[in-house]
Structures are given as structure tokens and as C-alpha cells.
Amino acid sequence: MKVAVIPVTAYQQNSSLVWCPETKKGALIDPGGDLEKLQKAAEEKGVIIEKILLTHAHIDHAGGAADASSLFDAPIIGPHEGDNMLIEMMDMQSQMSGIPAKKFTPDQWLKDGDTVSVGNLQFDVLFCPGHTPGHLVFHAPKNNIAFVGDVLFQGSIGRTDLPGGDTQTLLNSIKTKLFPLNESTVVVSGHGPNTTIGNEKKSNPFLKG
Ligand SMILES: [Zn+2]
Ligand SMILES: [Zn+2]
């Protein structure tokens with residue numbers, strides 16, 4: 001798997017361009033905005049975007065999904081239906097953040113245990129609510145990498161003070177869905193640097209004990 005992490009919007013959200021080197025087919029994970037940056041990266045790498053994948057429906061992750069879908073003629077896949085209320089609130093999210101966004105209806109909702117293919121790559125879908133009610137993680141076991149959105153960060157965890165957030169639910173998601181993954185799994189977070197499952201198990205102050 002090839003990965004290019006491209007920070008977008010004023011929130012410096014890590015949008016990921018992922019692609020299969022054999023087929024050059026790729027996906028954009030969380031195209032929150034700054035589509036010209038994402039398009040340029042895809043063109044430079046010669047990647048054909050065939051899917052738009054969403055971890056959750058906060059504007060910095062999903063605000064550019066509608067435009068990306070038309071630009072690349074690619075379906076919007078995810079998040080989990082639990083985030084529908086945040087998609088309904090997209091106009092309000094836009095007003096509050098100043099980030100432009102269009103409302104959309106995902107072509108496919110995802111749930112725990114689903115799989116998504118991109119060329120010859122395969123992602124397992126893990127349902128990890130808590131930061132939002134419909135948050136998903138895309139885990140590629142063969143490539144030892146997980147795109148976790150705002151569930152887990154290096155030394156921190158997602159906010160739970162936004163609509164639909166719940167701290168206990170988030171901690172439970174991390175402990176039951178992410179911590180069982182291989183410790184060397186690379187974690188690509190929605191903001192900030194990459195980490196690994198092992199590092200966070202060892203040193204994340206929010207997850208001790
Ligand atoms: Zn978020
Ligand atoms: Zn975010």
C-alpha cells in the first residue's frame with residue numbers, strides 16, 4: 001500500500017491518499033477540504049481515485065466529500081449511520097467553523113465487520129464510536145496500518161465534548177477494537193503525527209490502567 005498524508009483545512013486534518021501500487025487504484029480517506037491539494041497529489045502519483053472513505057462526519061473530515069465525489073466520480077463510502085445527524089448539521093458545522101461544506105448522502109453506510117477494497121488492497125471496518133456516534137476506523141491488516149480519524153492520537157484521544165460524544169464509549173472502543181491489533185500497527189490519526197498501537201498502549205496517559 002502506498003500512502004500520502006495531506007493536511008487539509010484550518011484544522012490541519014490528515015487526509016490520506018491511499019493506493020494499490022499494482023492497479024494504481026486509490027481512495028481518499030477524509031477529504032475535509034482543499035481539494036486542489038488532493039487532486040494535485042493524486043495526479044502526481046498517477047492514482048485513479050475510485051472511492052471516498054469517511055471515518056466520521058465532522059466538517060474537517062467530511063466537508064469536501066460531496067465535491068470530491070463529483071470531481072473524481074467516486075462514491076462516498078462511510079461513515080456509520082450513527083453520524084447521519086452530523087451530516088444533517090453540515091450547514092451549521094460550516095457556519096461555526098468557517099469551512100465551506102456541502103451536505104451529502106453517503107452512497108454506502110458501513111458497519112463493524114464490513115470490508116472495503118481499493119484495487120488489491122483490503123480494509124477491515126472497525127466501529128469505534130465515542131468521538132462521534134458513527135465513527136469508523138479503516139484497518140488494513142496485511143499492510144499493518146490503521147486510519148483512525150479522531151479516535152486516537154499520539155499521546156491523546158479524541159474529544160468527547162462535541163454533540164454525540166461520550167468518553168466511556170470512546171475508551172471502550174479503543175480498548176476493545178484498537179488495542180487488540182498487532183502492536184506494530186501504524187496508526188494514522190486525523191491530526192498530528194503517526195504513532196503505533198504499541199506506543200499508545202505503553203505511554204498514552206488517557207489509556208493507562
Ligand atoms: Zn472529529
Ligand atoms: Zn478532526
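In the predicted model, D161 is exposed, because its relative accessibility of 56% lies over the 50% cut-off. The partner of D161 is R159, with which D161 forms a salt bridge whose closest N and O atoms are 2.9 Å apart. R159 has a relative accessible area of 47% and is therefore classed as partly exposed. This pair is one example from a count of seven salt bridges in the model.

A further salt bridge links K103 and E88, with a separation of 3.5 Å between the closest N and O atoms. K103 belongs to the loop between α5 (90–97) and β6 (115–118), whereas E88 is part of helix α4 (residues 84–88), so the pair ties together parts that lie 15 residues apart in sequence. Both ends of this bridge fall in the intermediate class of accessibility: K103 is partly exposed at 43% relative accessibility, and E88 is partly exposed at 48%. The side chains of K111 and D114 also meet in a salt bridge, for which the N to O distance is 3.2 Å. D114 counts as buried, because its relative accessibility of 18% is under the 20% cut-off.

The charged residues were also considered over the whole chain. The protein chain carries 17 positive and 23 negative charges, and the mean positions of these two sets are 7 Å apart.

With regard to overall architecture, seven helices and 13 strands were assigned in the protein chain. The radius of gyration is 16 Å, close to the 17 Å given by the globule rule for 209 residues, so the chain is as compact as a globular protein of that length. The C-alpha trace spans about 45 × 40 × 30 Å along its principal axes. Of the 209 residues, 52% count as buried. The accessible surface of the protein chain amounts to about 8900 Å², and carbon and sulfur atoms contribute 50% of this area. When contacts between residues at least 6 apart in sequence are considered, 60% of them join residues at least 24 apart.

Several features of the backbone were found in loops. The peptide bond from G78 to P79 is cis, with omega near -5°. P79 is situated in the loop between β5 (76–77) and α4, the helix that contains E88 of the salt bridge with K103.

Positive phi values in residues other than glycine were identified at T9 and D34. For T9, phi is near 65°. T9 occupies the loop between β1 (2–8) and β2 (13–19). With a relative accessible area of 9%, T9 is buried, because this value is under 20%. For D34, phi is near 50°, and D34 is placed in the loop between β3 (25–29) and α1 (35–45). D34 has a relative accessibility of 30% and therefore counts as partly exposed. Thus T9 is buried, whereas D34 is partly exposed, although each has a positive phi value in a residue other than glycine.

Note on methods. Residues are numbered from 1 along each chain as its sequence is written. Chains are lettered from A and ligands numbered from 1 in the order in which they are written. This is a predicted model: local features need pLDDT of at least 70, side-chain atom pairs count only at pLDDT 80 or more; totals for chains, interfaces and linings use all residues. Side-chain values use heavy atoms; hydrogens and water are left out. Helices (H or I, at least four residues) and strands (E, at least two) are DSSP runs, numbered from the N terminus. The radius of gyration is taken over C-alpha atoms; the globule rule is 2.2 Å times the number of residues to the power 0.38. Buried means under 20% relative accessible area, exposed over 50%, partly exposed in between (1.4 Å probe, protein chains only). Contact means heavy atoms within 4.5 Å. Accessible areas come from the Shrake-Rupley method with a 1.4 Å probe; for residues, only the protein chains shown count as cover. Lys and Arg count as positive and Asp and Glu as negative; His and the chain ends are not counted. The place of a charge is taken as NZ of Lys, CZ of Arg, CG of Asp or CD of Glu. A salt bridge is a side-chain nitrogen of Lys or Arg within 4 Å of a carboxyl oxygen of Asp or Glu.
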